[in-house]
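Work through the following exercises with the structure open beside you, and try each task before reading its solution.

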Amino acid sequence: MRVFEITGGVGSGKSEVLKYLEEAFGASVCQLDEVARQMQKRGTECFRRIVEIFGEDIVGADGELDRQKLADIVFSDGAMLRKLDAVVHPAVYEAVRRDIRRKAEEGTALYVIEAALLPKPGQELCEEMWYIYADEDVRRERLKASRRYTDEKITQMMASQPGEDVFRKACSAVVDNSGSFKDTKRQIGEILRL
């Protein structure tokens, strides 16, 4: 089974690339953000530890984490983001490793992991990583249109992520998703033929 990770800054179009890989190539897709959400549900060890760190105010009326409150805190305070990551990342990576083993046993040919951020040394889930790149102005327009984010929120989110040079250095392939998706598909096809 070929296992690789796609990464890139917020608004780069990772979700569109994942959908295409799933539909065109039958890839099994794992979105780390979704796994992280599941790991943070009420009753989990991650939930308990997050409430311990951030306080009861982080719990919403429904008894679950208030994700917006949590995001507001961690995207404006790097130290708090690191604390959250220290709780969530190890649990997420272990869950994904189990899923990779299960999919391999089922005979899955292509397993794609989507992550907004680069793994820390020792937390890599695979050896192959693709950087989904898009020009900053393209990313900003996408985020305004699809998520209705303000310029201030977009700037905060982008500032909390690694820069383009860091992504390019860490990844084995780059897909430029700034233009037409037809061109993006062509690039994906070329990389998969390697």
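The exercises below concern a predicted model, and each solution goes step by step.

**Exercise 1. The nonpolar cores**

Task: Find which residues of the largest nonpolar core touch the most other members, and which elements supply this core.

Solution: Begin with the core itself, which has 30 residues, and in which L32, I50, F54, L70, V96 and I113 touch the most other members. Next, turn to the elements: α2 (32-39), α3 (45-54), α4 (67-74), α5 (78-106) and β3 (110-114) each supply at least two residues of this core. The largest share comes from α5, with 11 residues. Then take V96 as an example and set aside its neighbours within four places in sequence; the residues in contact with V96 are then C30, L32, V35, Y111, I113 and L125. Finally, look for a second, separate core, which has 17 residues, among them V17, L21, V175 and L192.

**Exercise 2. Following helix α5**

Task: Compare the span of α5 with the expected one, and then describe the bend and the two ends of this helix.

Solution: The helix α5 has 29 residues, and the expected span at 1.5 Å a residue is 42 Å. From the first C-alpha of α5 to its last, the model gives 40 Å, which is close to that expectation. Along the way, α5 bends by about 30° at V88, and a proline, P90, follows within four residues. At the N-terminal end, D77 acts as a cap, with a side-chain oxygen 3.0 Å from the backbone nitrogen of A79. At the other end, just after α5, G107 takes a positive phi of about 90°.

**Exercise 3. Classifying aromatic pairs**

Task: Decide whether the pair Y20 and F25 is stacked or edge-to-face, and do likewise for the pair Y131 and F167.

Solution: The model holds five aromatic pairs, and two of them are treated here. For Y20 and F25, the ring centres are 5.7 Å apart and the planes stand at 90°, so this pair is edge-to-face. Planes over 60 degrees apart are what the edge-to-face class requires. Y20 counts as buried because its relative accessibility is 18%, whereas F25, at 36%, counts as partly exposed. Ring pairs also link Y20 and F25 with F181 into a cluster.

For Y131 and F167, the ring centres are 4.9 Å apart and the planes are at 5°, so this pair is stacked. Y131 lies in strand β4 (residues 128-133) and F167 in helix α8 (residues 164-170), so the pair ties together parts that are 36 residues apart in sequence. Both rings belong to buried residues, since Y131 has a relative accessibility of 4% and F167 one of 1%.

**Exercise 4. E141 and R148**

Task: Place E141 and R148 in the model, and say whether each is buried, partly exposed or exposed.

Solution: Start with E141, which is found in helix α6 (residues 136-147). Its relative accessible area is 49%, so E141 is partly exposed; the exposed class would need a value over 50%. E141 and E105 are 36 residues apart along the chain, and their C-alpha atoms are separated by 41 Å.

Continue with R148, which is found in the loop between α6 and α7 (151-159). With a relative accessible area of 66%, R148 is exposed. The last step concerns the backbone: phi of R148 is near 60°, a positive value in a residue other than glycine. For comparison, most residues other than glycine have a negative phi.

Note on methods: Residues are numbered from 1 along each chain as its sequence is written. This is a predicted model: local features need pLDDT of at least 70, side-chain atom pairs count only at pLDDT 80 or more; totals for chains, interfaces and linings use all residues. Side-chain values use heavy atoms; hydrogens and water are left out. A nonpolar core is a set of buried Ala, Val, Leu, Ile, Met, Phe, Trp, Tyr and Cys residues joined through side-chain atoms within 4.5 Å. Buried means under 20% relative accessible area, exposed over 50%, partly exposed in between (1.4 Å probe, protein chains only). Contact means heavy atoms within 4.5 Å. The expected span of a helix is 1.5 Å times one less than its number of residues. The bend at a residue is the angle between axes fitted to the seven residues ending there and the seven starting there. A polar contact is a pair of N or O atoms within 3.5 Å; within protein, one must be able to donate a hydrogen and the other to accept it, and residues adjacent in sequence count only if both atoms are side-chain atoms. Rings of Phe, Tyr and Trp (its six-membered ring) pair if their centres lie within 6.5 Å; planes under 30 degrees apart count as stacked, over 60 as edge-to-face and the rest as tilted.
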